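Here are my notes on the model you sent over, set out as numbered points. I start with one term, then go from the sheet to the details.

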Amino acid sequence: VQLQASGGGLVQAGGSLRLACSASGSIFGINIMGWYRQAPGKQRELVASKTSGGITDYGDSVKGRITISRDNAKNTVYLQLNSLKPEDTAVYYCNVRIMRTTSITWNDYWGQGTQVTVSS
């Protein structure tokens, strides 16, 4: 199983970015798809997640500014970042809970991370 993230970059405060993360490989099923971020010197924190049933969860620092969505047919999760602030600068990682075709257990997989930098 591989996760490929894209869409990071440099943006001015108040701007927007859209991140995408696609899962590929021997996938039987996908449960939760989400995004975490880690800023220098800080712990990794939840940005947003969405279950296969459509239940969403957002970190307190991004509520109202960020929207998570997923395309189950493409095994892809998106993160729309709006009204970005300098404190949103971090490496953003996608996290997906997957059951492989060769397994009966769910396991969490992480993408390689994509840098988001917001200038003031």
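1. A quick word on terms before we start: two strands count as paired if DSSP finds at least two bridges between them. Keep in mind that this is a predicted model. With that rule in hand, β7 and β8 (residues 76–81) qualify, since they are joined in the antiparallel sense over 6 bridges. One pair to look at there is Ile68, whose bridge partner in β8 is Leu79.

2. The overall make-up is simple to describe. The chain has 11 strands and 0 helices, so the pattern read along the sequence is just β-β-β-β-β-β-β-β-β-β-β. The radius of gyration is 14 Å, close to the 14 Å that the globule rule gives for 120 residues, so the chain is as compact as a globular protein of that length. Along the principal axes, the C-alpha atoms fill a box of roughly 50 × 25 × 25 Å.

3. Two chain-wide numbers go with that. Of the 120 residues, 41% count as buried. Take the contacts with a separation of 6 or more: 56% of them come from residues 24 or more positions apart.

4. Now the sheet. In what order do the strands of the open sheet of 4 strands run? The order is β1-β3-β8-β7, and the pairing is antiparallel. At the edges sit β1 (2–6) and β7 (66–71), each of which pairs on one side only. From one strand to the next, the twist averages 15°. As general background, strands of a sheet pair through backbone hydrogen bonds, either parallel or antiparallel.

5. Going through the other pairings in this sheet, β1 and β3 run antiparallel and share 5 bridges. Within that pair, Gln4 has Ser22 of β3 as its bridge partner. Then β3 is joined to β8 by 6 bridges, again antiparallel. Here Cys21 stands opposite Val77 in β8, and Cys21 takes us to the next point.

6. How many disulfides does a search of the whole structure find? The search gives 1: Cys21 and Cys94, with their sulfur atoms 2.1 Å apart. The link is right-handed, with 50° about the S-S bond. Cys21 lies in strand β3 (residues 17–24) and Cys94 in strand β9 (residues 90–100), so the bond ties together parts that are 73 residues apart in sequence.

7. Are the two cysteines of that link buried or exposed? Cys21 has 0% relative accessibility, so it counts as buried. Cys94 is buried too, because its relative accessible area is also 0%. For reference, the cut-off for buried is under 20% relative accessible area.

8. On to the core. The largest nonpolar core has 30 residues, and the members that touch the most others are Leu3, Trp35, Val47, Leu79, Leu81, Tyr92 and Ile98. Two or more residues come from each of β1, β3, β4 (27–38), β5 (45–50), β7, β8, β9 and β11 (114–119). The largest share, 5 residues, is from β9. In general, nonpolar side chains tend to be buried together in soluble globular proteins.

9. Ile98 is worth clicking on. Leaving out residues up to four places away in sequence, Ile98 touches Val1, Leu3, Ala23, Ile27, Gly29, Ile30, Thr105, Trp106, Asn107 and Tyr109. One of these, Leu3, is also among the core residues that touch the most other members.

10. A loop residue to compare with that: Thr101, found between β9 and β10 (107–110). At 49% relative accessibility, Thr101 counts as partly exposed. Its contacts, again leaving out residues up to four places away in sequence, are Ser26, Ile27 and Phe28. Thr101 and Gln2 are 99 residues apart along the chain, with their C-alpha atoms separated by 14 Å.

11. Last, some backbone angles to check. Most residues other than glycine have a negative phi. Asn75 has a positive phi of about 50° although it is not a glycine. Asn75 is in the loop between β7 and β8 and is partly exposed, with a relative accessible area of 23%. Ser83, not a glycine either, has a positive phi of about 50°. Ser83 lies in the loop between β8 and β9, and at 40% relative accessibility it counts as partly exposed.

Key: Residues are numbered from 1 along each chain as its sequence is written. This is a predicted model: local features need pLDDT of at least 70, side-chain atom pairs count only at pLDDT 80 or more; totals for chains, interfaces and linings use all residues. Side-chain values use heavy atoms; hydrogens and water are left out. Axes are lines fitted to C-alpha atoms, for helices over the stretch in contact, and angles run from 0 to 180 degrees between N-to-C directions. A disulfide is a pair of cysteine sulfur atoms within 2.5 Å. Buried means under 20% relative accessible area, exposed over 50%, partly exposed in between (1.4 Å probe, protein chains only). A nonpolar core is a set of buried Ala, Val, Leu, Ile, Met, Phe, Trp, Tyr and Cys residues joined through side-chain atoms within 4.5 Å. Contact means heavy atoms within 4.5 Å. The radius of gyration is taken over C-alpha atoms; the globule rule is 2.2 Å times the number of residues to the power 0.38.
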